[in-house]
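Subject: Structure handover and notes

Dear colleague,

I am passing on the structure we spoke about, together with some notes for a reader who has not seen it before. Please keep it open beside this message while you read.

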Amino acid sequence: MSEVLDVIAKRSSIRAYTDEKLTKEEIKALLTAGLQAPTARNAQEIHISVLDGNNPILGELEEAKRAVFAAQAADEETKQQILNATTNFYYNAPAVLILSAEAVNGWKEIDAGIAVENIALAAQSLGLGNVIIGGIKGVFAGEKKTYFEKALQFPEGYEFVIGIAIGHTAVGKEPHEIDFDKDVSYL
């Protein structure tokens with residue numbers, strides 16, 4: 001099996017990390033992998049905001065995310081469970097990358113998805129765990145949208161698309177099983 005296929009086969013979403021910080025070299029390798037991703041029409045419009053896991057903006061994003069989810073809760077008990085949850089959207093990873101793209105680009109979700117997958121696979125190849133993050137999307141549709149776009153230094157006219165939490169894995173997790181019979185049609 002090729003090295004790339006082996007990395008793909010071994011990657012899984014990790015939701016527990018050690019406190020060990022990523023090195024500057026690791027961050028640069030991850031950013032390089034993301035920025036080397038192909039984009040529709042070669043627009044290369046992806047912007048990456050790099051946050052240390054201790055950055056206070058992550059706590060603000062978590063609080064805003066909980067408020068969004070709580071407002072959508074079907075009942076009071078579910079609302080309280082959301083508001084009192086003990087985990088956060090980035091699972092205390094020591095690094096979080098937030099990808100934004102030009103709001104008017106109709107291909108931004110695909111472009112950012114390719115970039116974040118490049119980052120995820122690069123992280124796996126470096127022995128780092130990661131989990132792709134979409135759950136904060138609602139925060140960027142609410143009243144704090146502009147605040148968070150400025151705090152994360154999105155370029156003018158850019159908006160949140162996806163994120164990824166990255167760190168040294170604290171727990172092991174096997175990749176999910178695949179089922180060719182269920183998930184593939186040969187025509």
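The notes below begin with the whole chain, then take two helices in turn, and end with some single residues.

Please bear in mind throughout that this is a predicted model.

The whole chain

The protein chain contains seven helices and four strands, and when they are read along the sequence they follow the pattern α-α-β-α-α-β-α-β-α-β-α. The C-alpha trace spans about 50 × 45 × 35 Å along its principal axes. For 187 residues, a compact globule would be expected to have a radius of gyration near 16 Å, and the value for the protein chain, 17 Å, agrees with that. Of the 187 residues, 39% are buried, and among the contacts with a separation of 6 or more, 82% are between residues 24 or more positions apart.

As for the surface, the protein chain exposes about 11,000 Å², of which 53% is supplied by carbon and sulfur atoms. The side chains include 17 positive and 27 negative ones, and the centres of these two sets lie 4 Å apart.

Helix 3 and the residues around it

Helix 3 runs over residues 56–71, and its 16 residues reach 23 Å from the first C-alpha to the last, which is close to the 22 Å expected at 1.5 Å a residue. Its buried residues are I57, L58, L61, E62, A64, K65, R66 and A70, a list in which charged side chains such as E62, K65 and R66 appear. An α-helix has 3.6 residues a turn, so residues three or four places apart point the same way. The buried residues of helix 3 pack against strand 1 (47–52), helix 4 (76–83), strand 2 (95–102) and helix 6 (145–151).

One residue of helix 6 shows part of this packing in detail, namely F148, which is buried with a relative accessible area of 1%. Leaving aside residues up to four places away in sequence, F148 touches I57, E60, L61, A64, V139 and F140. F148 and E159 are 11 residues apart in sequence, and their C-alpha atoms are 9.8 Å apart in space.

K65, one of the buried residues of helix 3, is 77 residues from G142 in sequence and 9.9 Å from it in space, C-alpha to C-alpha. G142 itself is in the loop between strand 3 and helix 6, where it counts as partly exposed at 33% relative accessibility.

A67 also belongs to helix 3, but this residue is partly exposed, with a relative accessible area of 44%. Between A67 and L22 there are 30 Å in space, C-alpha to C-alpha, for a separation of 45 residues in sequence.

Helix 5

Helix 5 covers residues 108–125, and because its 18 residues should span 26 Å at 1.5 Å a residue, the 25 Å between its end C-alpha atoms agrees with what is expected. The buried residues here are K108, D111, A112, A115, V116, I119, A120, L121, A122 and A123. They pack against helix 1 (3–10), helix 2, strand 1, strand 2, strand 3 (129–133) and strand 4 (158–167). After helix 5 comes G127, whose phi is positive, near 80 degrees.

Loop residues

Most residues other than glycine have a negative phi. Against that background, which residues in the loop between helix 2 and strand 1 deserve a look? R41, in this loop, has a positive phi near 55 degrees, and R41 is exposed, with a relative accessible area of 63%. Q44 lies in the loop between helix 2 and strand 1 as well, with a positive phi near 50 degrees, and Q44 counts as partly exposed at 38% relative accessibility.

The last residue in these notes is S13, which lies in the loop between helix 1 and helix 2. The C-alpha atoms of S13 and P175 are separated by 7.9 Å, although the two residues are 162 residues apart along the chain. Not counting residues up to four places away in sequence, S13 touches N130, V131 and K173.

With best wishes

Key:
Residues are numbered from 1 along each chain as its sequence is written. This is a predicted model: local features need pLDDT of at least 70, side-chain atom pairs count only at pLDDT 80 or more; totals for chains, interfaces and linings use all residues. Side-chain values use heavy atoms; hydrogens and water are left out. Helices (H or I, at least four residues) and strands (E, at least two) are DSSP runs, numbered from the N terminus. The radius of gyration is taken over C-alpha atoms; the globule rule is 2.2 Å times the number of residues to the power 0.38. Buried means under 20% relative accessible area, exposed over 50%, partly exposed in between (1.4 Å probe, protein chains only). Contact means heavy atoms within 4.5 Å. Accessible areas come from the Shrake-Rupley method with a 1.4 Å probe; for residues, only the protein chains shown count as cover. Lys and Arg count as positive and Asp and Glu as negative; His and the chain ends are not counted. The place of a charge is taken as NZ of Lys, CZ of Arg, CG of Asp or CD of Glu. The expected span of a helix is 1.5 Å times one less than its number of residues.
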